[in-house]
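Me: Could you take a close look at one part of this model for me? I would like to understand how the two chains meet, and what surrounds a few residues there.

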Protein chains: 4
Amino acid sequence: MGSIYGKIFQISTFGESHGAAVGVVVTGCPAGVDFDLDFIQSELDRRKPGQSRITTQRKEADSVEVVSGVFEGKTTGTPIAMLVWNGDQRSKDYSHIADQFRPSHADFTYQEKYGVRDYRGGGRSSARETVARVAAGALAKLVLNQLGVKITAYVSQVGTLKLATPVEQLDLAVAETNAVRCPDTQLAEEMFTYIDEIRKQGDSVGGVVSAYITGCPVGLGEPVFDKLHAELGKAMLSINAVKGFEYGSGFDGVELRGSQHNDIIVKDEAGKVSTVTNHSGGIQGGISNGEPIYFRVGFKPVATIMQDQDSLNNSGEKIVVSGKGRHDPCVVPRAVPIVEAMSAIVLLDFYLRHRLTKLSDVL
Amino acid sequence: MGSIYGKIFQISTFGESHGAAVGVVVTGCPAGVDFDLDFIQSELDRRKPGQSRITTQRKEADSVEVVSGVFEGKTTGTPIAMLVWNGDQRSKDYSHIADQFRPSHADFTYQEKYGVRDYRGGGRSSARETVARVAAGALAKLVLNQLGVKITAYVSQVGTLKLATPVEQLDLAVAETNAVRCPDTQLAEEMFTYIDEIRKQGDSVGGVVSAYITGCPVGLGEPVFDKLHAELGKAMLSINAVKGFEYGSGFDGVELRGSQHNDIIVKDEAGKVSTVTNHSGGIQGGISNGEPIYFRVGFKPVATIMQDQDSLNNSGEKIVVSGKGRHDPCVVPRAVPIVEAMSAIVLLDFYLRHRLTKLSDVL
Amino acid sequence: MGSIYGKIFQISTFGESHGAAVGVVVTGCPAGVDFDLDFIQSELDRRKPGQSRITTQRKEADSVEVVSGVFEGKTTGTPIAMLVWNGDQRSKDYSHIADQFRPSHADFTYQEKYGVRDYRGGGRSSARETVARVAAGALAKLVLNQLGVKITAYVSQVGTLKLATPVEQLDLAVAETNAVRCPDTQLAEEMFTYIDEIRKQGDSVGGVVSAYITGCPVGLGEPVFDKLHAELGKAMLSINAVKGFEYGSGFDGVELRGSQHNDIIVKDEAGKVSTVTNHSGGIQGGISNGEPIYFRVGFKPVATIMQDQDSLNNSGEKIVVSGKGRHDPCVVPRAVPIVEAMSAIVLLDFYLRHRLTKLSDVL
Amino acid sequence: MGSIYGKIFQISTFGESHGAAVGVVVTGCPAGVDFDLDFIQSELDRRKPGQSRITTQRKEADSVEVVSGVFEGKTTGTPIAMLVWNGDQRSKDYSHIADQFRPSHADFTYQEKYGVRDYRGGGRSSARETVARVAAGALAKLVLNQLGVKITAYVSQVGTLKLATPVEQLDLAVAETNAVRCPDTQLAEEMFTYIDEIRKQGDSVGGVVSAYITGCPVGLGEPVFDKLHAELGKAMLSINAVKGFEYGSGFDGVELRGSQHNDIIVKDEAGKVSTVTNHSGGIQGGISNGEPIYFRVGFKPVATIMQDQDSLNNSGEKIVVSGKGRHDPCVVPRAVPIVEAMSAIVLLDFYLRHRLTKLSDVL
């Protein structure tokens, strides 16, 4: 349980870090979508390991294979299964942890919960599972593109290095031009140097990924439990290493007064309704209001470090866990496409649900 | 859609702020639970309006009525429907907003989404719906009590007034002895004075509710999408006015290094496994590890203020929205039982799901 | 668990036979439906006990009360809760069965499953729960009416008395003019006399309800598991006392050859595609093909009889169960509106799901 | 939508008849199950084409490949993905139907519903999808075996040839010793001859598969909508070509009186409760009562026949559909393992759900 996400556009992922493959079955994708395999592959390439020296050196082609649900280049309305075979499994790299509980990993909790675990590379708890999310998210993006929805994520913080420029003044396209995926080139260089330094020390560091979404129609999100930001929050918090989520004014907003925080509603000459400020982050009462949606996702420093740490083994004996293998000293650069993918999955799902809201739309 | 929460212990709420009643249907509650109606009522009383002069003066008895699923004082395993009739509806208070889009309320988004809305007191978008959550959450607490799980929420910030004391050094029971529900009596007084000042100005202010949960067994939460903290995050973000969620080290943790952040696993002489630090907030890989679970929930200043604000009406004409009626200048004191209720619902649901994990437990 | 039905148009029922009320929460009903309370009440009246001397003499007004989700006569898109209070509970009628396992009732299975049960009138296992289904089904009918879908159920068999006339030659409107709800007046009289005879003997007898649905567009139903007839089958089999379901050619069709059974596809001059025969019952590959949908639902003789029967009590001791109280000697007349209600719920749900099938419809 | 089945033990199937593969993702399978791949393969072999001259001559090895969720021979509690690659796809066999609506197939309904379809061999509507169900069902059987639940299906009717012997007097193991899977050897021979005759005529014929299940504990099934027989009915009706489902006394039971039909409850000297008769088919109020569960599933004559038939093409023009390729003249022999598989999936799902019923079992 727990490997299925979405109500209408629904994804079901499977696969372990060092099993045969990771994959996803997508149901509820409308029929007739031009299935742009190259685009899907390009999104996987953005997430791929080994893109620069500040990401893990695991070698994976991460080539996606489509098994069902597509015929003559179009989705058919039936389940779309996509597989990415695990090439560079190198299971021997992990044999030394068969019996170890690595600090702040899921080894101990999986062992206790299931009584058995695939210890190789973290098994199901590995972020390798996000390959499947990116493939499904790319498909969602293909549909959202036709709706004019544009989702851009970028790195806004690494350790204590923070991007202070307001998002409206940034050229977000810059983010994809550097290895850190920060839209400020100079700060990106500082971040790169910092991460590389951390890497050499065999350590890791956290960071923040911000997302900025434009072109959403009014009406996405459902009242009460399935509020748009609640579902975005769950989606983001489900990504490995995430510790916090805030949207709009977020935690800073708690210090404001209502008279400062309220977004005044206006209409321009063309009749378009908008708000003067956007502390609401594009969402009011859990439903998109047409303004840009933005949020921040906080990632902890990943637990895998190249240093010795005290711990226990399966038998409860004291051991020293030695850092070995390959790791990401800071996950946020590779987390950018994952944040986008999960955003796309959430938004498309709500877009489809929203199509059933009014009787007049349904008849 | 969007009014149902949980997979096994599932709640389905209904009702508008000024309709006949708000209520909840709980399914999946095990049979044989001693149905302590007094306890459920006492939880509703904690959430009730009019508890002090810093909460809304709407007068509601909020008496819960049980319609089904309980027989001779025990749950029978069939759906439990609970109703709270809306007494002090005073719909005339709200007739002036029939045609208004109040800033940062859901008036505009509901109107656009549905083409029709119950404008009275915000209708379904009102926090009055949380009555239903508190009733269901109280039932979940009754079961969790038997499992030794203890959930305590408290106010840790109002505006810029922050509680700095580490949670381990607090006597959380103190929180319920003051109107603000802050476990530091002196700070609580400052917060009270501050909120009362805001109230007199016809303004509002935000705040933070913290939660601290002890007694959870190892194993609650599911891998991948239904991680324990992801579901807690969604549950909290679904509460009216919430803008952010973080657990464990949260956003502060992103600045740390892995070597600082990792929680070293140790075993005491009695064989109990624990961690030296708890940056993980009691959750690793999305699954509880037996340490205390803690998180923070940020609430914006509520949108209802007693001041004039520019806005539009249903026809898109410019209007001035005048603050009238009753409101909470700061929602966090009354949000405390709601945060606890949603926590209880999430934890009991995961507890039940976890019972199906191992073949040996199931046979 | 088990009290929720549907994916988009979803109903959640609650209530026991002799509890305070039975009710339903409907979610996923589009906003803007004219909520015709009189029609909903009229459907409940068709199901009501005491309509003639061949139905149970329990006295219930079965007045429906709407608690939420409707504002100024229209559905608002939020959950619609409807309640029917139990008036003539007469719990003392049932005190004698507190400790009895009545043959072919659910007393024994509920006691074993839950360890506790509301024995009064069968509690949750009573067909009184279908009040809630009829209310929700009436709402579904209101929407289907606007789509041109017409659902008619009628009694086609009582004991060995069978209606042999092909459905195309029947005036189905006749069914509602007699107490048995058989569209053949003369046969209806024979059935009435037969049931009345059975009633005088303190016995019961089974029967068949047939359904005939016209006006369905092509495309309702989903491949693989959620085939239209599979879901109709589940819906019908979930009605109390149902033992069998067949659609189209049904069990008789198994004796035919493919060359006899296949429905040849033709097109008329107006371009309308149809089939020459309709052994498929309007469904091919689980999806409606535009032809009339028809099926048969077999009901057993109800278990409550006014005769002495051997059995056991809660303690496993031998007892004699004496028939007392009020009962239906044959349930099919009152089952007609229930079959229609469940059909409406299934069809509307599939109609809504189908609206999300093609990209061109969704954009 | 529509390709997912089950609540806890949940299967999600994918794949088209002539796509790359068919497969299934199973979630909710408990951890620690000995994953007997040979047994799963042997179940697929029972369903495989080409077993005798009365089944389709399509050549498929139907070798199952496990992609995830199994480690060192045990299930790990994470999703189990299984694939069967389509070997003998021979797509050219089907190119002639690219533009044809074959009578009583899903060609027309899929085309209308989706606007696009994989016409090769029926695409997703083909019974080849049941490969995935049999693989998942075999896994469910592995667990049910440990619980003492035994599921046996067999052919009880082909065309007008009916098995009249009461099930208690049959040796069901005999069914697997002949190509028809009928437990009466002599009748099996008659059926074989009959089907072979039909085959030579290029025609097809229907039949009935009966199922008999022993060893179920009391308590499987949920009240109201998810009654055990309602879910079994849906599962069976979802199998290709099924037109009817009845359990226990079924449609014959409608002619009986309550005094004849009621199953008297007794207790033997060992304290075991049972019923004297079993018209209830092992299910009362939707919940298993410990008696054998039995039901009948009616299959129509398959639509593919080797004869010319009038029809339309995609453009609505009249055409003659010529029978070509390979087909099953009667599907019931190969449907036997599919009926068992779906029964196993339903029963295991209810078994797991039932484990959460009583508070005392859950604590």
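Reply: Happy to help; here is a walk through the contact between the chains, followed by a few individual residues.

Please keep in mind that this is a predicted model. Let us begin with the interface as a whole. Chain A and chain B each bring 106 residues to the contact, and the area buried between them is about 8400 Å². Carbon and sulfur atoms give 60% of that area. On the chain B side, the residues that lose the most area to chain A are Lys113(B), Phe225(B) and Lys243(B), which together account for 11% of what that side buries.

What about the polar side of the contact? Eight salt bridges are counted between chain B and chain A. One of the salt bridges pairs Glu222(B) with Lys113(A), with the closest N and O atoms 3.5 Å apart. Sorted by class, the side of chain B that touches chain A has 43 polar, 39 nonpolar and 24 charged residues. Across the interface, 49 residue pairs are in polar contact.

Glu222(B) also leads us to Arg353(B), since the two are in contact. Arg353(B) sits in helix H7 of chain B, which covers residues 332–354. With a relative accessible area of 2%, Arg353(B) is buried. Its side chain makes a polar contact of 2.8 Å with the side chain of Asp226(B). Beyond its sequence neighbours within four places, Arg353(B) also touches Lys7(B) and Ile8(B) in its own chain, and Met1(A) and Gly2(A) across in chain A.

Now over to chain A and Ala303(A), which lies in the loop between strand S17 (293–299) and strand S18 (309–313). Ala303(A) has 8% relative accessibility and therefore counts as buried, the limit being under 20%. Setting aside neighbours within four places in sequence, its contacts are Pro103(A), Ser104(A), His105(A) and Gln309(A), plus Asn262(B) from the other chain.

Ala303(A) is also part of a UniProt annotation, "binding site", from an unreviewed entry. Among the other residues that this record covers are Arg124(A), Asn240(A), Gly285(A), Lys300(A) and Arg326(A). The annotated residues span 203 residues in sequence and their farthest two C-alpha atoms are 44.1 Å apart, so they do not all gather at one spot. Arg326(A), for its part, is in the loop between strand S19 (318–321) and helix H7 (332–354) of chain A. At 14% relative accessibility, Arg326(A) counts as buried.

Key
Residues are numbered from 1 along each chain as its sequence is written. Chains are lettered from A and ligands numbered from 1 in the order in which they are written. This is a predicted model: local features need pLDDT of at least 70, side-chain atom pairs count only at pLDDT 80 or more; totals for chains, interfaces and linings use all residues. Side-chain values use heavy atoms; hydrogens and water are left out. UniProt positions are given in the numbering used here, feature names are shortened, and annotations may be inferred rather than shown by experiment. Helices (H or I, at least four residues) and strands (E, at least two) are DSSP runs, numbered from the N terminus. Buried means under 20% relative accessible area, exposed over 50%, partly exposed in between (1.4 Å probe, protein chains only). Contact means heavy atoms within 4.5 Å. Buried area is the accessible area (1.4 Å probe) that two parts lose on being put together, summed over both. A salt bridge is a side-chain nitrogen of Lys or Arg within 4 Å of a carboxyl oxygen of Asp or Glu. A polar contact is a pair of N or O atoms within 3.5 Å; within protein, one must be able to donate a hydrogen and the other to accept it, and residues adjacent in sequence count only if both atoms are side-chain atoms. Ala, Val, Leu, Ile, Met, Phe, Trp, Tyr, Cys and Pro count as nonpolar, Asp, Glu, Lys and Arg as charged, and the others, Gly among them, as polar.
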